[in-house]
Amino acid sequence: MKAPNYIDISEARKRHHAIPFDTHKRIQGHALLIGGSYGKIGAITLASRAALQTGCGLVTALVPKCGYEILQIANPEVMVLTDTNEKYLSEIAFSLVSNAIGIGPGLGQELATQKAFHEFLINTSKPLVVDADALNILAQNPTWLTLLPPESVLTPHPKELERLIGKWQSQEEKVAKTIDFAKHYQVIVVLKGAPTQIVFGNDFYENTSGNQALATAGSGDVLTGIITSLLAQSYAPIDASILGVYLHGLTANIALPKTGYQSFIASTIIKYLGKAFLALEKVE
Ligand SMILES: NC(=O)C1=CN([C@@H]2O[C@H](COP(=O)(O)OP(=O)(O)OC[C@H]3O[C@@H](n4cnc5c(N)ncnc54)[C@H](OP(=O)(O)O)[C@@H]3O)[C@@H](O)[C@H]2O)[C@@H](O)CC1
Ligand SMILES: Nc1ncnc2c1ncn2[C@@H]1O[C@H](COP(=O)(O)OP(=O)(O)O)[C@@H](O)[C@H]1O
Ligand SMILES: [Mg+2]
């Protein structure tokens with residue numbers, strides 16, 4: 001297996017853009033997060049809050065009806081669009097024009113949601129961030145993978161990856177199969193884990209930030225929000241993936257002396273994003 005390109009602070013800095021003093025919220029980009037279902041509105045709440053705190057100017061969440069009050073109360077800065085269905089999304093259609101879309105956290109896999117996702121893919125041309133149940137729906141309907149816009153970012157954990165590419169016998173085989181998959185569908189695959197690896201074309205990266213504090217519910221949902229926010233801020237999809245994964249891990253490195261492994265939760269990632277950006281921007 002060829003050696004990975006390690007993602008460290010200098011690689012992250014190369015990709016990071018400063019925010020111009022005369023920007024405004026519309027220039028900062030509008031991220032749309034789609035997902036949530038009854039009992040899993042938390043996933044999309046975390047993703048949308050993470051998107052805001054990663055610097056995009058506007059964030060909208062599209063959720064089933066049961067998510068409306070939860071989101072408006074939990075995240076007053078986030079705008080909310082709702083489906084007609086109470087418990088899960090049955091239609092993924094909207095007139096809103098956003099700069100980037102992340103889909104999947106807490107989405108569920110109801111048949112109506114699957115059909116809505118299919119329709120949405122047919123009508124979408126900009127790169128997406130695809131996570132969680134959106135990946136599981138693709139694994140159940142592999143012919144839909146060809147509908148993914150080129151350079152979409154897929155963020156599977158190991159089981160979600162297995163559902164997409166099948167089992168592997170070794171780490172080498174996992175990476176080789178993922179490279180074939182990513183090339184075939186012209187997508188970026190963020191293989192979440194310890195460590196997280198990123199595959200794009202023949203390029204293979206490995207993250208160096210983060211620790212086991214991240215092994216907590218919702219930490220992947222937060223990553224979806226971070227990468228979607230960076231895409232909305234006009235980062236190229238591969239740069240959004242590399243920078244997003246590095247910042248996400250860095251929050252755990254910075255927080256650890258204060259939180260320990262145990263009390264670090266997904267909201268802590270969001271809380272420490274500011275410190276992670278400051279560490280990146282620090283002149284040494
Ligand atoms: N607060 C909320 O609203 C939250 C909502 N969430 C939402 O829930 C939905 C389901 O997502 P999910 O990831 O929990 O379930 P699923 O896709 O079935 O995967 C679990 C299977 O994978 C396996 N597995 C192997 N390796 C693994 C690894 N490294 N990391 C994780 N799993 C690993 C594992 O095997 P095990 O080792 O447990 O035997 C098990 O068999 C999704 O929409 C998500 O967004 C969550 O984000 C939580 C917070
Ligand atoms: N032991 C660990 N060390 C470093 N990062 C980890 C560890 N465990 C989990 N993570 C990170 O936490 C995130 C978990 O994502 P995911 O499994 O999708 O969680 P969820 O679906 O609950 O949001 C990934 O970014 C993964 O790399
Ligand atoms: Mg997940």
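**Helix α6 and the shell around ligand 1**

UniProt, in an unreviewed entry, places the feature "domain: YjeF C-terminal" at residues 8-280; such annotations may be inferred rather than shown by experiment. This is a predicted model: local features need pLDDT of at least 70, side-chain atom pairs count only at pLDDT 80 or more, and totals for chains, interfaces and linings use all residues. Residues are numbered from 1 along each chain as its sequence is written, with chains lettered from A and ligands numbered from 1 in the order in which they are written.

Student: What makes residues 158-165 a helix, α6?
Tutor: Helices are DSSP runs of H or I, at least four residues, and strands are runs of E, at least two, numbered from the N terminus. Residues 158-165 form such a run, α6.

Student: Why are Glu 160, Leu 161 and Leu 164 called buried?
Tutor: A buried residue has 20 or more other C-beta atoms within 10 Å of its own; an exposed one has 12 or fewer, and partly exposed lies in between, with C-beta atoms placed from the backbone. Glu 160, Leu 161 and Leu 164 meet the buried cut-off.

Student: How do you know that they line one face of α6?
Tutor: Take the directions from the helix axis to the C-beta atoms. For the buried residues these fall within an arc of 100°, so they line one face. On the other side, Pro 158 and Lys 159 are exposed.

Student: Which residues come nearest to ligand 1?
Tutor: Gly 42, Ala 43, Ala 132, Pro 158 and Lys 159, of the 18 around ligand 1. Near means a C-beta atom, placed from the backbone, within 6 Å.
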